[in-house]
Amino acid sequence: MTTSAARLLGTVALLCLGFPALADDARYFTSQRVVCDGRAHIIELKIAPADEPNLQMFWRDDKNRISGRDWHLPSQHLLGEPVLLEHVANYPKAVMAGLDGEAPTLTLTGFDHNPIPNCDAFALTPAATPEARYDAVQSMLDSGSTAPGDVAAARVAADDLPPPVLLPPLDRQTAPRAVQHGLQEMVQRMADEVQDLAGEIDGDAAAALLPGLRDYWLASRGSDDTKLLLRAQETRAVALMIAGRDVTGMAETDPARFCAVVDGVSTNTMSPNYVMIGEESLIEIASGLPLEHWTRDFAEASIALSKDCESDRYEAMLAQVWPRAEARIAGMEKLRTAIAELAAVPVTLEDYRAHDWLAFDPSGLRDSDLSPEDVRAITEPVIAKMRQDAIPVLAEELAARLDPSAELWQMQEHCLRETTLGSFASERAFHEALVRACHERVAPMLLVAGQNQIAADLARAEAAGDSFEDAVSAQGYAILPDYANLTTSAVFAPALTELGEARAAAEAQITQKRDRVLEAEATRLQEVFADLDPMDEDRALILTCRHYPADQAWLGDLRSACQEMSQRYQQDYRDEVCEALFDSGKAPDALRDGQIEISLGNSVPVREALCDPLIQMQLTRQGGLFSTKTYELSFRNPASDYVGAVSATLSETDSAGLWRISDITLSEGALRAGLDPNDARTLGLCLNEPLQCAN
């Protein structure tokens with residue numbers, strides 16, 4: 001190696017060791033807040049000797065707007081030599097020095113290169129990498145904290161993050177979005193916690209809530225934060241009023257915090273900050289107490305507290321709003337009187353129903369300065385508390401009205417039946433809570449009644465006879481037969497479950513007895529069908545399976561078996577039933593194979609009209625040996641509830657093999673008006689629906 005090469009390598013090594021500004025790794029800096037000419041800025045700086053450009057500078061104003069510029073500086077400036085930069089933060093020029101160390105400075109100058117008067121230099125300090133700073137903020141957001149102080153710190157940290165352009169390319173959109181989303185979720189968690197805790201009046205957390213929230217508000221004074229704080233103060237005031245506490249006890253007593261609210265707003269009434277917040281809201285936030293809960297003494301005490309503030313505007317603002325405040329205070333007195341009247345209502349079902357379950361009528365407050373929203377914010381929680389306190393007493397009275405001998409389904413409906421549902425959502429919620437509390441008291445009564453019925457049903461089943469008729473009369477030895485029809489609800493579920501288990505145990509004790517009856521009846525049924533004569537008078541009753549009522553579930557298998565055998569019998573014996581009918585009436589072939597006229601030119605086969613195995617039909621020949629042949633039809637339909645018989649005359653027309661129906665009559669009642677007694681269609685109706693024939 002030559003001497004010059006060795007000397008060159010040594011110089012590079014010396015520069016790398018002695019001058020960190022020439023290291024390849026990028027370095028990051030941030031500055032303090034500097035105000036010049038009424039404008040404030042914070043500087044973010046990146047020095048990256050190996051990059052192009054090697055110097056990036058960004059400046060953020062008070063509205064969090066960011067601008068920036070890039071430069072490629074010669075190496076001597078990175079080694080510490082001051083450099084003159086142009087157009088920095090909307091100023092003509094700036095001198096940057098100390099880029100080789102850990103404390104660079106930036107001095108804003110005019111066109112004459114002289115420092116701008118009354119403008120401090122930007123003193124930059126080392127900062128973590130943009131990725132690390134974003135990760136740190138994200139960790140704050142993911143902490144799960146709901147404390148207003150932590151949310152304020154996270155918001156400040158998020159505002160102080162470097163511009164996304166300094167992040168790696170793939171993170172420049174996702175990382176800022178994640179921070180924005182995380183901050184929104186953290187603020188929402190805090191708001192939810194505030195609403196829950198604002199109604200508490202005891203404990204350290206409740207005591208610290210409003211002062212901490214007021215400090216949080218001071219950092220932003222945003223519209224949403226203003227609404228959150230005012231709503232929390234209203235909730236706390238109502239909670240104190242419900243508890244009978246002195247509402248003024250929640251007022252702000254710290255002069256420093258009081259004055260921070262007052263002095264932080266511009267005295268210019270046209271300033272955006274002042275207009276957005278408003279006089280009344282500002283006074284309520286500073287004092288910590290909604291105006292409707294004030295007194296004159298409290299107002300004078302707040303004026304005295306404001307004497308320690310730098311601004312003298314508080315007294316003037318309060319004087320301006322005091323007439324409106326007095327109107328709200330007077331309205332609040334009327335509201336307290338109305339609430340006291342509701343609180344005096346005796347806690348009985350009769351009195352509560354007479355007062356529409358404490359429904360509040362706001363018409364008496366129309367002349368007050370309280371808005372409908374103000375009235376609802378106060379009355380809804382107050383009346384909700386009254387109703388909540390009344391529920392146990394009313395529920396006891398409701399349950400006491402229940403007859404212990406009532407049916408189980410009546411017990412379940414008792415609480416609903418005895419109450420009246422109101423027309424507003426708050427009353428519906430109260431009604432549901434009252435009914436639930438009543439159900440909780442009725443449920444043990446339901447359980448006892450059900451257990452008693454199970455015991456009685458079991459004793460009755462064991463005492464009943466073993467015949468099929470005995471079993472049908474005892475509903476198949478049913479145990480608590482209405483159990484399956486009882487309404488299932490969250491309150492009654494445990495009692496119904498216990499009843500179900502007791503019912504199953506009782507059913508197990510009579511299962512063998514029922515099975516013996518079913519087995520014997522199944523055998524008898526098979527024998528009945530095997531021996532069933534096509535002309536048996538009870539044929540149709542047997543074929544319709546009316547011995548096995550559909551409303552007795554325990555007969556379901558027998559009913560299905562009977563229906564299957566009936567269907568097979570009708571298929572197998574329809575012709576035999578028909579021949580037996582004709583033989584009994586000595587019908588000639590002209591009738592057996594003839595047609596019944598149903599209208600002019602239309603007819604149906606006699607066999608199709610008369611040979612239904614499910615109809616109990618009789619055919620009787622009329623007239624002498626040489627007279628005109630007529631036949632009397634008489635039938636019953638066992639499937640119908642009509643108890644009488646239907647009769648008709650069947651006579652041959654002049655056309656061979658064509659027969660006509662006439663003289664349709666009923667044994668019970670008259671033929672319904674409008675039906676033609678000489679029309680075959682009337683006969684068809686009477687065959688299938690006898691009740692439709694009767695008048």
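Buried here means under 20% relative accessible area. Everything below comes from a predicted model.

**View 1. Leu 480, a buried loop residue with a positive phi.** Leu 480 comes in at 0% relative accessibility, so it counts as buried under that cut-off. Look for this leucine in the loop between α17 (468-473) and α18 (493-530). Its phi is positive, about 45 degrees, although Leu 480 is not a glycine.

**View 2. Arg 221, in the loop between α6 and α7.** Here's another non-glycine residue with a positive phi: Arg 221 sits near 55 degrees. The helices on either side of its loop are α6 (204-220) and α7 (223-242). Is Arg 221 buried or exposed? Its relative accessibility is 9%, so Arg 221 counts as buried.

**View 3. A cis peptide bond at Pro 53.** Zoom in on the bond that joins Glu 52 and Pro 53: the peptide is cis, with omega at about 5 degrees. Pro 53 belongs to the loop between β3 and β4 (55-61).

**View 4. Helix α3 and its buried face.** This helix covers residues 130-141, 12 residues in total. From first C-alpha to last, α3 reaches 17 Å, close to the 16 Å expected at 1.5 Å a residue. Which residues of α3 are buried? They are Pro 130, Arg 133, Tyr 134, Val 137, Gln 138 and Leu 141. Looking down the axis of α3, you'd find these buried residues within an arc of 135 degrees, so they line one face of the helix. The general rule behind that kind of spacing is that an α-helix has 3.6 residues a turn, so residues three or four places apart point the same way. As for what covers the buried residues of α3, the list includes strands β1 (27-31), β3 (39-47) and β9 (122-127), along with helices α4 (148-159) and α5 (174-198).

**View 5. Lys 93 in strand β7, with β6 and β8.** Strand β7 spans residues 91-97 and holds Lys 93. The strand is mostly covered, with 5 of its 7 residues buried. Lys 93 itself has 11% relative accessibility, so this lysine counts as buried too. Strand β6 (residues 83-88) pairs with β7 in the antiparallel sense over 5 bridges, and β7 pairs with β8 (residues 105-109), also antiparallel, over 5 bridges. What stands opposite Lys 93 in β8? That would be Thr 109. In β6, Glu 86 is the residue opposite Lys 93, and a polar contact of 3.0 Å joins the side chains of Glu 86 and Lys 93. Leaving aside neighbours within four places in sequence, the contacts of Lys 93 include Leu 84, His 87, Phe 111 and His 113. While you're there, check the hairpin of β6 and β7: 2 residues lie between the strands, and Ala 89 takes a positive phi near 55 degrees.

**View 6. Strand β10 and its partners β11 and β15.** Strands β10 (residues 595-599) and β11 (residues 602-605) run antiparallel, joined by 4 bridges. Their hairpin has 2 residues between the strands, and Gly 601 takes a positive phi near 85 degrees. With β15 (residues 658-666), β10 pairs in the parallel sense over 2 bridges. Ile 596 is a handy residue to centre on: Val 604 stands opposite in β11, and Trp 659 is the bridge partner of Ile 596 in β15.

**View 7. Residues 496-523, a stretch that is 100% helix.** An unreviewed UniProt entry places a "coiled-coil region" at residues 496-523. In the model this span has 0% strand, and its end C-alpha atoms lie 37 Å apart.

Conventions. Residues numbered from 1 in each chain as written. Predicted model: local features only at pLDDT ≥ 70, side-chain atom pairs only at ≥ 80, totals over all residues. Heavy atoms only, no water. Expected span 1.5 Å × (residues − 1). Buried < 20%, exposed > 50% of the residue type's maximum accessible area, 1.4 Å probe, protein only. Arc of directions from axis to C-beta. Contact = heavy atoms within 4.5 Å. Polar contact = N/O pair within 3.5 Å; in protein donor to acceptor, adjacent residues only side chain to side chain. UniProt positions renumbered as here; feature names shortened; annotations may be inferred. Pairing = 2+ DSSP bridges.
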